[in-house]
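Visitor: I would like a close look at one part of this protein. Please take me through its interior.

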Amino acid sequence: MRIRVWYLVAALYLSTVDPGWAQPGQGGLSGTATDQTGGALPDTTISVKRASEGLVTGRQIDARPIMRAGEVLETVPGLLIISQHSGEGKANQYYLRGFNLDHGTDFTTTVAGVPVNMPTHAHGHGYSDLNFLIPELVSGVQFRKGPYFADEGDFATAGAAHICYVNALDRPIVRVSGGEDGWGRILTAASPQAGAGRLLVATELNHNDGPWMRGDDYRRLNGVVRYSVGDTLNAWSLTAMGYGGSWRSTDQAPQRAIDAGALARFDSVDDTTGGETSRVSLSGDWQRTTSNGVTGGSAYAMRYQLDLFSNFTYFLDDPVNGDQFQQSDRRIVSGGRLSHRLVSRLGGRPSELLVGADLRHDAIGRLALLHTARREPLAVRRADQVSQTSVSGYVQHDVQWTPWMRSSAGLRLDRVQFDVDAGVPENSGTTGKGLASPKASLILGPWRAAELYVNAGYGYHSNDARGTTLTVDPATGAPADRVTPLARARGAEFGARMVPRRGLEMDVAVWRLDLDGELLFVGDAGTTTASRPSRRWGVEWNTNAAPRSWLTVDADLAWSRASRTRIRRAIGFPARLSEWHRRV
């Protein structure tokens, strides 16, 4: 039986506007909203070439109540409810354009130029943990949706968000807050003058138990140190970020146990689930502006680790010791990007040429899945080491053909190489793949404060490296099929952006996105699960109004439909999936 899928997402947000202290435009590079080439953007607008991109300013973010750091992304129109499960220290779950993005699959996120997504991760491919983010330091969030941008690569099929930090504060900050359920937070931040530049220093201490019978005892320590020199045109900066977190988690409970009075509603069956994680990074970026262009570059290095203890079935598989398992990840990440944006004329018409290159290497020293009891190891189910390298180059050319028509054409070349040293020798090996992804856009207008957009492009997402060399199931020893290293994505959209009167902005987009496959490594089981190609399409309508100087109204409406293509009913997949989301 076919199941029709309709998604309706509605969000209405009203708030009084606090001018705030974390303003964009305090300095160059990541201190202001920047594009991915390092070029500084204006304080409150970006050079919009497509309907599904925009900028959320630090002032807009500061006006919203934020409980978790990841909720900063809820300011992105259509990025629905940042949810949480298995404890406060675990990465959030994200939902956008018909996707349950899980913990970040198909959505790229960076903070101060450093990538957040983790490929070939112990818990899930693309894992994106934003708990190291300090919301008060955010100067803006540049967001994009769809595979239409030559400078966006892996994980960006559904969209991307680039979170920028300020370089300097208007004044020092000391914030102390406390509340119910063991909530407490201390934030200090200052940015004194230091030589020719500014030194930003911020620390955050946070504790939260939540409403559970056994409190989460979530402990978070964050630190940021940034030294920046220059302005919005010519600048450089060095940034160090550090984060450590530990927590316990209260997971699902059997309804029959609650009905029988054996468990309270907020009680836990396994009181030792939870985790520990840390992330330390050092990054640098620079920018130089000339009369006809902008050159920018960045580099980063990061050490990351996670130990996550979960128990979803309790005593189903092991009635004696229980079913708790540990997912462990240890890695060193390094990389960088270089770009140049040249402003010139083509046949007397204004044009802009963007060229750039990206490089990233993940040296993953430990990817382990263990059977545990009360966090003590009982058996190793899987233990691997992976070396993963991605390199890419891109070019994009924009031309203003007439006062009412401009175009953008781009090409991105990506190559990913995997080297897997598996605990099961049959699953070791080296593999790789390259893809070329063309992009194109046509923009018509403005006419009476309205512009029309037509976009189309190819993209991709990578798959977990362990699935690309797989020959036998690590749990059963049965033969297993390998997955492709890169899965192709194709997207298109038609949109309009309108400013009917001062203080009122609206944009609407009709979009479609096809994926050749959604092949995922299931970290909870240590195996790779293949799913069929998919198709998603929908409509988004976003409105921002400022009827008074003290009042803003944001209204976002998104409707989308997701279905499987090339249906193979013999294996039991439905043709379409059904889900409703709503946020007010």
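Which residues have the most contacts inside the largest nonpolar core?

Guide: A caution to begin with: this is a predicted model. The residues with the most contacts inside the largest nonpolar core are Leu73, Val111, Leu137, Val141 and Tyr165. That core has 53 residues. Strand β17, residues 293-310, gives the most to it, with five residues.

Take Val141 as a way in. Leaving aside neighbours within four places in sequence, Val141 is in contact with Leu73, another of the residues with the most core contacts. Val141 also contacts Val72 and Val76. Further partners of Val141 include Gly54, Leu55, Val56 and Ile61. Ala161, His162 and Ile163 are on the list of Val141 as well.

A second, separate core has 12 residues. Among them are Ala122, Phe418, Ala422 and Leu486.

Phe418 leads to a polar residue, Gln388, since the two are in contact. Gln388 lies in strand β20, residues 376-402. Gln388 counts as buried because its relative accessible area is 5%, under the 20% cut-off. Its side chain makes a polar contact of 2.6 Å with the side chain of Thr120. Not counting residues up to four places away in sequence, Gln388 also touches Pro119, Arg360, His361 and Asp362. Val416, Gln417 and Ala465 are further contacts of Gln388.

Now the whole chain. Of its 584 residues, 56% count as buried. The secondary structure comes to three helices and 29 strands. Among contacts between residues at least 6 apart in sequence, 66% join residues at least 24 apart. The accessible surface comes to about 24,200 Å², and 58% of that belongs to carbon and sulfur atoms.

Technical notes. Residues are numbered from 1 along each chain as its sequence is written. This is a predicted model: local features need pLDDT of at least 70, side-chain atom pairs count only at pLDDT 80 or more; totals for chains, interfaces and linings use all residues. Side-chain values use heavy atoms; hydrogens and water are left out. A nonpolar core is a set of buried Ala, Val, Leu, Ile, Met, Phe, Trp, Tyr and Cys residues joined through side-chain atoms within 4.5 Å. Buried means under 20% relative accessible area, exposed over 50%, partly exposed in between (1.4 Å probe, protein chains only). Helices (H or I, at least four residues) and strands (E, at least two) are DSSP runs, numbered from the N terminus. Contact means heavy atoms within 4.5 Å. A polar contact is a pair of N or O atoms within 3.5 Å; within protein, one must be able to donate a hydrogen and the other to accept it, and residues adjacent in sequence count only if both atoms are side-chain atoms. Accessible areas come from the Shrake-Rupley method with a 1.4 Å probe; for residues, only the protein chains shown count as cover.
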